[in-house]
Amino acid sequence: MHLLVLGGTTEARRLAELLVAEEWIRVTSSLAGRVARPRLPPGEVRVGGFGGADGMAEWLRAHRVDAVIDATHPFAGTISFNAAAAAAAVHVPLLALRRPGWVPSDGDLWHATGSLAGAAELLPGLGRRVFLTTGRMGLAAFAHLDALWFLMRSVDAPDAPYPARMEVLLDRGPFTLDGERALLRRHRIDVLVTKDSGGAATAPKLAAAREAAIPVVVVRRPPAPEGVPVAGTPEDAVAWLRGVTGANA
Ligand code: NAP
């Protein structure tokens, strides 16, 4: 059995870890190649785009793939639709491994919006010192906000355009509650912007914002392809895989 895991997330790495020692399956993990020094999953890894849905279908055929698990980030919208089209074209079973979104709790001051542009519109009414954690892509949406100061955290340095008054903090999760508390205090942050990425690794910023009564602009997830079964954890994805491949090892 040959499984293609579309990766770039903690869950995709965990899935590869769960399967790498299994004899009934060969796993290839695929990364887009966006991060300069990615944390690599165990097992075989390929890097770079496929060339759209047709290119992925061709790859699935050429490499005799028996199943695909789309474990990409919930905000990586294009690749998920490509995977749905490619898997359908080649008649290969597809599962989406997607961590559940975050749910607000008592004391949270969340403002939901549908896009980075929507977040940028909300910001001037919410604060002046912004902790921006939406990643290094899409910063152009905030570039015109000259009256605001930004602390932008990402794995790799961003490319322009981005806001004029912006400090870059290069770091990658998991983050701790103590660390996030200290960061908010040190930089006198009064508003946080995040995607609804879900997962534990980057959730402590939400708890720290709640404690400090700091408003949070939460960008909702983009649409995902319909009709693709979804698992919430790598373990559930393995159970699905055993089901579709008939493996009982
Ligand atoms: P995207 O907009 O959905 O994808 C754009 C293009 O990048 C795709 O059409 C595909 O190129 C290529 N691609 C994306 N993921 C790939 C993968 N796992 N393997 C091979 N090619 C891939 O994706 P994105 O938002 O740029 O994200 C890129 C990667 O970063 C994803 O793997 C994702 O899991 C990870 N990531 C994204 C975010 C985020 O907020 N978007 C956050 C954390 C991690 P072709 O059409 O040429 O095949």
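**Exercise 1. Which residues of helix 2 are buried, and what covers them in this predicted model?**

Solution. Start with the helix itself: in this predicted model, helix 2 spans residues 52–62. Its buried residues are Ala53, Gly55, Met56, Ala57, Trp59 and Leu60. Next, look at the surroundings. The cover over these buried residues includes strand 1, strand 2, strand 3, strand 4 and helix 3. The strands fit with how the helix is placed: helix 2 lies across strand 1, strand 2, strand 3 and strand 4, and runs at about 150° to strand 1. A general point helps when you turn the helix on screen: an α-helix has 3.6 residues a turn, so residues three or four places apart point the same way. Finally, step just past the end of helix 2, where Arg64 takes a positive phi of about 50°.

**Exercise 2. Describe how helix 2 packs on helix 3.**

Solution. Two packed helices are described by the angle between their axes and the distance between the axes. Take the two values in turn. For helix 2 and helix 3 (residues 77–90), the angle is about 50° and the axes are 8 Å apart. Angles of 65 to 115 degrees would count as roughly perpendicular and those under 35 as roughly parallel; helix 2 and helix 3 are therefore oblique to each other. The crossing has a hand as well, and here it is right-handed.

Now list who touches whom. Helix 2 brings Gly52, Ala53, Met56, Ala57, Leu60 and Arg61 to the contact, while helix 3 brings Ile79, Asn82, Ala83, Ala85, Ala86, Ala87, Ala89 and Val90. Sorted by class, the residues of this contact are eleven nonpolar, two polar and one charged. Among the helix 2 residues in the contact are Ala53, Met56, Ala57 and Leu60, which are also buried.

**Exercise 3. Where is Gly48, and is Gly48 buried or exposed?**

Solution. First place the residue: Gly48 sits in the loop between strand 3 and helix 2. Then check its accessibility. The relative accessible area of Gly48 is 19%, and the cut-off for buried is under 20%, so Gly48 is buried. As for its company, leaving out residues up to four places away in sequence, Gly48 touches Ser30, Leu31, Ala32 and Gly33. For a contrast, try Arg210: Gly48 and Arg210 are 162 residues apart in sequence and 38 Å apart in space, C-alpha to C-alpha.

**Exercise 4. What is the strand order of the sheet that holds strand 3, and which strands stand at its edges?**

Solution. Follow the sheet from one side to the other: six strands form an open sheet in the order 3-2-1-4-5-12, with parallel pairing. The ends of that order give the edges. Strand 3 (44–47) and strand 12 (230–231) each have a single partner strand, so one side of each is left without a neighbour in the sheet. Look more closely at strand 12: strand 5 (residues 94–97) pairs with strand 12 over two bridges in the parallel sense, and Leu97 stands opposite Ala231.

Helix 1 (residues 10–19) lies across strand 1, strand 2, strand 4 and strand 5 of this sheet, at about 160° to strand 1. Helix 1 also meets helix 7 (residues 234–245): their axes come within 9 Å and cross at roughly 50°. Glu11, Arg14, Leu15, Leu18 and Leu19 of helix 1 meet Pro234, Glu235, Ala237, Val238 and Leu241 of helix 7. That contact divides into seven nonpolar, no polar and three charged residues.

**Exercise 5. Place strand 11 in its sheet and say which way its valines point.**

Solution. Begin with the order. This open sheet of six strands runs 6-11-10-7-8-9 with parallel pairing, and the edges are strand 6 and strand 9 (166–170). The twist averages 20° from one strand to the next.

Then take the partners of strand 11 (residues 216–219). Strand 6 (residues 110–113) is joined to strand 11 by four bridges, with Thr113 opposite Val219. Strand 10 (residues 191–195) is joined to strand 11 by four bridges too, with Thr194 opposite Val218.

Last, the side chains: Val216 and Val218 point one way, Val217 and Val219 the other, and all are buried. Helix 6 (residues 204–211) lies across strand 6, strand 8, strand 10 and strand 11.

Terms used
Residues are numbered from 1 along each chain as its sequence is written. This is a predicted model: local features need pLDDT of at least 70, side-chain atom pairs count only at pLDDT 80 or more; totals for chains, interfaces and linings use all residues. Side-chain values use heavy atoms; hydrogens and water are left out. Axes are lines fitted to C-alpha atoms, for helices over the stretch in contact, and angles run from 0 to 180 degrees between N-to-C directions. Angles under 35 degrees count as roughly parallel, over 145 as roughly antiparallel, 65 to 115 as roughly perpendicular and the rest as oblique. A crossing is left-handed if the near helix is turned anticlockwise from the far one by less than a right angle, and right-handed if clockwise. Contact means heavy atoms within 4.5 Å. Ala, Val, Leu, Ile, Met, Phe, Trp, Tyr, Cys and Pro count as nonpolar, Asp, Glu, Lys and Arg as charged, and the others, Gly among them, as polar. Two strands pair if DSSP finds at least two bridges between them. Buried means under 20% relative accessible area, exposed over 50%, partly exposed in between (1.4 Å probe, protein chains only).
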